[in-house]
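User: I'd like to go through this one and ask why things get the labels they do. Can you take me through the reasoning?

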Amino acid sequence: MKTLYMLLCALVLLTSCKKEEPAAKEDLYPDVPVTVPSSSAIATFYQNTAFYQLFIYRYDPVTLKWTSRIVGHYPTIAADDSSYMGFTNPYVADSGVPLFDMVRLYAGQLGGTNIKTARINADKVLQFFPDFDGAKTGIVRIRKQDVVLTKTANAGTFRIGISGGGTYDETAKLIDLEVVYDETDIGGTGQTVKFKISTVALTLN
């Protein structure tokens, strides 16, 4: 009887200790982020101000350095789905944006690096998903799509597919992104390129 009593006491003690244990990390930071896109992340990286643009940098695997700022990325919100942030040029008629430095990466096919004649516009590009409800960090996904680029010489067009994703931090106001380019339409296989996107200028090596 005494042995049984001691076992019951030990069981009660173990149970009470278990209840006081802190939440496991996987409970606080689930492997799968919430499925509802974050509106606060959109508000961090978008401003309803004419000609407002983000600071975007590309990592060059040849020089092993980050490029200077790629100017002309105007964030816009898709008219039919406000959970998406895109990059378009609503300020200059028949113009566009460099969209992840595509005007330089595909200058040979375009016949130059002129943003206006390349006419790249994509209204649904990024969606943000927080790590958990209310989190200021999370993952960012690139909507898989074909982007149309216009050639300078004969106004013909070609398509480059984009996909990929990364992470974001609202407090640091920073996005780390990997863009996957599908170059099937121009006879290539593709490439993956790293980018940093910020609301302020960055000093990068």
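Analyst: Sure. Let's start with Asp101: at 1% relative accessibility it counts as buried. Keep in mind that this is a predicted model.

User: Why is Asp101 called buried?

Analyst: The label needs a relative accessible area under 20%. Asp101 comes in at 1%, so it is buried.

User: And what makes Asp101 and Arg104 a salt bridge?

Analyst: The cut-off is a Lys or Arg side-chain nitrogen within 4 Å of an Asp or Glu carboxyl oxygen. For Arg104 and Asp101 the closest N and O atoms are 2.9 Å apart, so the pair qualifies. Arg104 itself has a relative accessibility of 40%, and because that falls between 20% and 50% it counts as partly exposed. There's a third member too: Arg58, Asp101 and Arg104 are linked in a network of salt bridges.

User: Where does Asp101 sit, and what is its phi?

Analyst: Asp101 is in the loop between strand 4 and helix 4 (102–105). Its phi is positive, about 60 degrees, although Asp101 is not a glycine.

User: Why is a positive phi worth pointing out?

Analyst: Because most residues other than glycine have a negative phi. Leu64 is another case here, with a positive phi near 60 degrees. Leu64 lies in the loop between strand 1 (55–60) and strand 2 (65–66).

User: Is Leu64 buried or exposed, and how do you know?

Analyst: Exposed takes over 50% relative accessible area. Leu64 has 55%, so it counts as exposed. Ala79 passes that cut-off as well: its relative accessible area is 85%, so it is exposed. You'll find Ala79 in the loop between strand 3 (75–77) and strand 4 (85–87). The C-alpha atoms of Ala79 and Lys124 are 9.4 Å apart, with their positions 45 residues apart along the chain.

User: What makes Glu170 and Lys136 a salt bridge?

Analyst: Their N to O distance is 3.8 Å, and the cut-off is within 4 Å, so the pair counts. This pair links distant parts of the chain, 34 residues apart: Glu170 is in the loop between strand 8 and strand 9, while Lys136 is in the loop between strand 5 (122–130) and strand 6 (137–142). Glu170 has 9% relative accessibility, under 20%, so it is buried. Lys136 has 43%, between the two cut-offs, so it counts as partly exposed.

User: How do you know that Asp176 and Lys196 belong on the salt-bridge list?

Analyst: Their closest N and O atoms are 2.5 Å apart, so they meet the 4 Å cut-off. Asp176 is in strand 9 and Lys196 in strand 10, 20 residues apart, and the pair links distant parts of the chain. Lys196, with a relative accessible area of 17%, is under 20% and therefore buried. Asp176 has 29%, so it is partly exposed. By this rule the count comes to 5 salt bridges.

User: Why do we say that strand 9 pairs with strand 8 and with strand 10?

Analyst: Pairing needs at least two bridges between the strands. Strand 8 (residues 157–169) and strand 9 have 9 bridges, so they pair, and the sense is antiparallel. Strand 9 and strand 10 (residues 191–198) have 8 bridges, also antiparallel, so they pair too. As for individual partners, Ile162 has Tyr181 in strand 9 as its bridge partner, and Ile175 stands opposite Ile197 in strand 10. Strands 8 and 9 form a hairpin with 4 residues between them, and Lys173 in the turn has a positive phi of about 55 degrees.

User: Which side chains of strand 9 point to the buried face?

Analyst: Ile175, Leu177, Val179 and Tyr181 point to one face and are buried. Leu174, Asp176, Glu178, Val180 and Asp182 point to the other face and are not buried. In general, side chains in a regular strand alternate between the two faces of the sheet.

User: How much of the chain as a whole counts as buried?

Analyst: Of its 205 residues, 38% count as buried. The secondary structure comes to 6 helices and 10 strands.

Key: Residues are numbered from 1 along each chain as its sequence is written. This is a predicted model: local features need pLDDT of at least 70, side-chain atom pairs count only at pLDDT 80 or more; totals for chains, interfaces and linings use all residues. Side-chain values use heavy atoms; hydrogens and water are left out. Helices (H or I, at least four residues) and strands (E, at least two) are DSSP runs, numbered from the N terminus. Buried means under 20% relative accessible area, exposed over 50%, partly exposed in between (1.4 Å probe, protein chains only).
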